[in-house]
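Me: Could you walk me through a few labels on this one? I'd like to see each label set against its cut-off.

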Amino acid sequence: MVAVDTEYIAIGCNRTTHAAAWGISGLVAYGANRLVALYDPLDPQQRGVQATLLGHKDRVICVEFIERGDRAELHDAALVSGSADNTAIVWTKNNQNKWIHSATLEGHTGAVEAIGCLRAHTLVDEKDLIATGSADGSIRIWTRHAASGEVSLVQVIQLGPKYPTALAMAYLPGSKTPVLASAHTDRNISIYTWKKDGFEKAYDLRGHDNWVRALAFATYTGQEDDQANAVKHTLRPGDLMLASGSQDRYIRLWKISPHQQPQEKQQQPKQEAQESGSNGLTEDLLQALEDSVATGEELSTKAHLITVQQGNTEQQYSLMFEALLMGHDDWVYSVCWERPRLEQGAMVQPMRLLSASSDKSMMIWKPDVHTGVWVNEVRMGDIGGNSYLGFCGAVFSPDGRLALSHGANGSFHLWKDVSASEQEGLSRWVPQVSISGHFKPVESVAWDPKGRYLLSASLDQTARLFAPWKRGETLTWHEMGRPQIHGYDIKCISFVHEWQYVSGADEKVLRVFDAPKSCVESLAALSGATDMASEAASRPVGANLPALGLSNKAVFEGDVQEMTESEENHTLLQSYAHSSSTPTALMHIMEQPPFEEHLLQHTLWPEVEKLYGHGYEIMCCEASHDGRYIASACKAATADHAVVRLFETSRWKELDGKIAAHTLTVTRTRFSHNDQWLLTVSRDRVWSLSERVEGDTENPYRLVTKNKAHARIIWDCSWSHDDALFATGSRDKTVKIWSQSTGWQCAATLKCAEAITAVEFAPSTSKDGKYILAVGFENGEIHLLSSEGEKIYAIEKSDGHAGVVKSLSWRTTADGVWQLASAGEDHAVRIYNIRQ
């Protein structure tokens, strides 16, 4: 009997504005390719991604929690995710506390770009209200019955040629009448109010001069500082505040309030004008005023009245521009209010707004205590450096003490407020350990020869190192390094020895990387493997990427000394891409898993060699177990290019002897564990076997046999631990087992229901003496089969990949548990524990 559980999941966040949401329970849901990943940043053990929800057929664009309850009893009732497959899915928890697919919202003919759910202090109606905005130019309004979970379509709002980029819903002040704010690609924000059976357009808020990317509602509850400091702003308790963030780099605050008496209304603009005059006009505001005049827009504080039918009476509300927040240098992608909390029996809305921008920063905005003017309280992020395209979105934790942002490269950045009290006057935010993962398909995974850490290669042009972080009895997995950040999509990796690997990418060159001293020492410290530290001697300190190059340049201790002593010598520093990659930072031994900024700049491995010879992009590479030879192949449409080239690692030269057994692209090369045999498989449906020739330095492997074994392309092959068998897996939905005892004849054919894309023999036989084979399929499933064809275990679909399984790799842990690492087209790296 075999028991399988998931040890670790690494997967990056999608590059969309609304891809992440932080629920009241503390759970973060985010779109990860076609999956919705669930992650708890508040988990004291920091286990990372807890589960992934499979249901969508295309990329998840937006997620949002449905909230229910009264004030302190508010909770996450459900989760809604919108996708490029034109649908939205409602997820709910079952009795086993697992999130399950509850309902599908169908009808849109374009991608679902935005989701709006009601936000209020009290949400106890029988039905939940959901709005979905799509690229088909429509907003659909749905109701979800709280008890049954049944979802029904209420209304379709057609927008014409424009489409919604953000949605937000709340109750109008002092009522239970829903109001919907919708940002469109025409730069306006449309306000809709509920009338009988649906929403009706009430007004267009104008002011932004580029697309509005984010909207957020909050109900103003008043502040103690208002009376203490005699602040005379226009907000009154109960007013509804709307924050909008735009690609014009500005954030605007609007207010919706019950209509007051005419004389009061006339006095307010004068009052406001006097205040703004007394405070003085900043240069930024003057520039904004000049820009608005030039573009024909106006910074208007005029109140616009809308009339809403509430039962038998009519109520008037005023819509008004409240404040302009300037500070970001690039597009503002998201805005998020701090969540209201219960204090002394009353709900209090903190006046703090979090914004994220592609200028690589997050800002927290707060009204000044003395003047009421909104100011930037704190700015977090990467000043300069390399964070790709900045942040796509940011969210507050339920208690407002943490802020989480997701970047354009799929990474998360977690910050914590560590200031002792709000009376300090200055917030102190420090970065915390978060999660990371690839943001494009993962092509290959490989354990190092001693099975101590895992390396993965992806089309996101990075190679990443994953290892356990051990502290006391707690062991969790994290990304510990990024040895290679490349200019080409990386296709394959293979270890030459435990601290050296070779990689092939969509270029004609193989590159060899050697671990730096800082990496070895940090891994030893974090994983508790004390034997690693002794292997760090004589290694370079670290590596830097030259500003105009693709090769990671080694930095030795002598270089560090020289660079530290001569800081004025800029010629030395100019050869590095990031000024923040200071020489002393490269020597730092990590005490915790690194942050994204550290991964990008300080964990590169020096490139020690390039291997030339191929005429087209590299497809596969494999190093022999003794580390003497590397076999590789490239894309090929003719027999001339379909050769397997052999490189010698002592001289890093290509050998004369090539293995010419195929006519089309070779998809995989594998050395047997004793290096006696070299197995290759190809698109031409043929496998070939070459035997080691001792003493022949130029032709170490000689072709001995080949077999047209399958009816379709052979994607992968694997040797058993004792080299008595090898397996080939093909798109023809069969795995074939070939035995040395029968002269490499087919010993068994395992028929499967799906095309096979990855195969890997277990590191030893099972307890009952069977050869175990892990098989990855085109639909993302992973099965464990015996060499006789018996299905031993099928990993649950919910725990598997959402696309093609690209690579599989086994290791045996110190306590004898098997661990299987898998790489998928769904951007995920997964590690499974397999106990017999």
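Me: What makes the link between the side chains of Arg 68 and Asp 128 a polar contact?
Reply: The two side chains are joined at 2.6 Å. A polar contact is a pair of N or O atoms within 3.5 Å, where, within protein, one must be able to donate a hydrogen and the other to accept it, and residues adjacent in sequence count only if both atoms are side-chain atoms. So 2.6 Å passes the 3.5 Å limit. Bear in mind that this is a predicted model, where local features need pLDDT of at least 70 and side-chain atom pairs count only at pLDDT 80 or more, while totals for chains, interfaces and linings use all residues. Side-chain values use heavy atoms, with hydrogens and water left out, and residues are numbered from 1 along each chain as its sequence is written.

Me: Why is Arg 68 called buried?
Reply: Its relative accessible area is 14%. Buried means under 20%, exposed over 50%, and partly exposed in between (1.4 Å probe, protein chains only), so at 14% Arg 68 counts as buried.

Me: Why does Gln 46 count as partly exposed?
Reply: Gln 46 has 25% relative accessibility, so it falls in the in-between class.

Me: And what makes Arg 187 partly exposed?
Reply: Same recipe: Arg 187 comes out at 36% relative accessibility, so partly exposed is the label.

Me: What is the sign of phi at Gln 46?
Reply: Positive, near 55°, in a residue other than glycine. Most residues other than glycine have a negative phi. Arg 187 also has a positive phi, near 80°.
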